[in-house]
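Here's a quick briefing to read with the model open in your viewer. Have a look at the fold before diving into the notes.

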Amino acid sequence: MSGTAAPDRVDAAPRIIGIVQARMGSSRLPGKVLRPLAGRSVLGRVVRAASDSGVLADLVVATSTDPIDDAVVAECDQLGVAYHRGPVDDVLDRFLGALAAHPGDAVMRFTADCPLLDPEIITLVASVYRAVPGLDYASTSIARTLPRGLDVEIVRAETLRTVGRLATDHHRVHVTSYAYTHPELFRVLGVTLTPDRSALRLTLDTEQDWALVSAITDHFGDVSVPLAKLTDWLDGQPHLRALNADVRQKRLEES
């Protein structure tokens with residue numbers, strides 16, 4: 001029987017694993033991942049948002065073997081979420097170890113300094129990935145329209161393993177950066193959402209960021225707030241938006 005061969009890299013209902021990178025040793029805001037926000041840790045809020053997306057077959061926190069991160073492990077136990085421990089500075093190696101222990105076809109990468117993640121955006125990016133056969137990587141940060149701190153990315157598991165063999169230096173800290181900076185090697189897709197809200201900074205890296213995020217959670221409480229609802233409220237709070245407007249984001253080459 002003759003016929004056209006099926007494409008090599010078409011995914012049928014890929015098994016998506018969520019991996020959250022988390023450690024206590026932040027240079028600008030140490031211990032930020034376990035700070036409390038409306039009664040829940042920053043890490044706990046990230047884990048909840050990822051779980052509430054409904055797209056993950058498994059979820060694991062990738063932390064380090066540094067004794068200071070015993071506290072992260074204890075929080076994972078409290079949250080009932082799996083964890084994997086690996087090198088402090090080679091975050092990519094941590095992800096590959098987590099993936100080996102929790103196999104899947106694709107990995108959604110989360111960072112534990114994004115307590116305002118919107119589960120609906122996670123669901124959307126997973127849907128886009130599933131809809132495009134042969135995609136190696138998709139992210140909302142390639143052409144940024146979202147506030148920093150709400151970005152979502154997904155990478156094919158085999159692509160992540162390839163990156164693990166090729167990446168050096170800062171690419172091993174940023175996990176996926178080798179893939180999206182080498183589009184000649186990988187099939188990369190940027191996901192954009194309108195309107196453009198990229199001027200907002202809703203991540204957690206400095207005390208100024210903490211002041212803003214704390215004010216938001218004081219107002220909304222212990223819930224995941226949809227992006228539109230959050231930004232509509234912030235539109236009327238210029239004094240809050242100004243709190244971290246001057247914070248400089250680290251360059252890709254900076255760890």
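What follows goes from the overall build to the cores, one helix and a few backbone oddities.

Keep in mind that this is a predicted model. The protein has ten helices and nine strands, and 52% of its 255 residues are buried.

**Overall build**

- The radius of gyration is 18 Å, which agrees with the value near 18 Å that a compact globule of 255 residues would have.
- Along the principal axes, the C-alpha atoms take up a box of roughly 70 × 45 × 35 Å.
- Sequence-distant contacts carry a lot of weight here: among contacts with a separation of 6 or more, 71% are between residues 24 or more positions apart.
- Accessible surface adds up to about 11300 Å², and carbon and sulfur atoms own 51% of that.
- On the charge side, there are 27 positive and 33 negative charges, and their mean positions sit 1 Å apart.

**Nonpolar cores**

- In soluble globular proteins, nonpolar side chains tend to be buried together.
- Here the largest nonpolar core has 55 residues, and the members touching the most others are Leu43, Val61, Met108, Phe110 and Ile216.
- Elements that each give this core at least two residues include the strands β1 (16–21), β4 (58–64) and β6 (106–111), along with the helices α1 (42–52), α2 (70–79), α4 (119–131), α8 (207–220) and α9 (227–235).
- A second core, separate from that one, holds 20 residues, with Val60, Tyr137, Val155 and Ala167 among them.
- If you want one residue to click on, try Met108: leaving out residues up to four places away in sequence, its contacts include Ile16, Ile17, Gly18 and Ile19, then Val55 and Leu56, then Ile122, Val125 and Ala126, and finally Val152, Glu153 and Ile154.

**Ala167 and helix α3**

- Ala167 lies in the loop between α5 (157–166) and α6 (170–174).
- With a relative accessible area of 5%, Ala167 is buried, because the cut-off for that class is under 20%.
- Beyond residues up to four places away in sequence, Ala167 touches Leu92, Arg172 and Tyr178.
- For a sense of scale, the C-alpha atoms of Ala167 and Leu34 are 30 Å apart in space, with their positions 133 residues apart in sequence.
- Leu92 is also one of the buried residues of helix α3 (residues 91–101), together with Val91, Arg94, Phe95, Gly97, Ala98 and Leu99.
- What do the buried residues of α3 pack against? They meet β1, β4, β5 (82–86) and β6, plus α5 and α6.

**Backbone oddities**

- Most residues other than glycine have a negative phi, and most peptide bonds are trans.
- The bond joining Thr194 and Pro195 is a cis peptide bond, with omega about 0°.
- Pro195 sits in the loop between β9 (188–190) and α8, and is partly exposed at a relative accessible area of 48%.
- Pro195 and Ala228 are 33 residues apart along the chain, with 9.7 Å separating their C-alpha atoms.
- Ala38 isn't a glycine, yet its phi is positive, at about 50°.
- You'll find Ala38 in the loop between β2 (36–37) and β3 (40–41), where it is partly exposed with a relative accessible area of 35%.
- Val175 also has a positive phi, near 70°, and belongs to the loop between α6 and α7 (177–180).
- Is Val175 buried or exposed? Val175 counts as buried, at 1% relative accessibility.

How values were computed
Residues numbered from 1 in each chain as written. Predicted model: local features only at pLDDT ≥ 70, side-chain atom pairs only at ≥ 80, totals over all residues. Heavy atoms only, no water. Helix = DSSP H or I, 4+ residues; strand = E, 2+ residues; numbered from the N terminus. Rg over C-alpha atoms; globule rule 2.2 N^0.38 Å. Buried < 20%, exposed > 50% of the residue type's maximum accessible area, 1.4 Å probe, protein only. Contact = heavy atoms within 4.5 Å. Areas by Shrake-Rupley, 256 points an atom, 1.4 Å probe, with all protein chains shown as cover. Lys, Arg positive; Asp, Glu negative; His and termini not counted. Charge placed at Lys NZ, Arg CZ, Asp CG, Glu CD. Core = buried A, V, L, I, M, F, W, Y, C linked by side-chain atoms within 4.5 Å.
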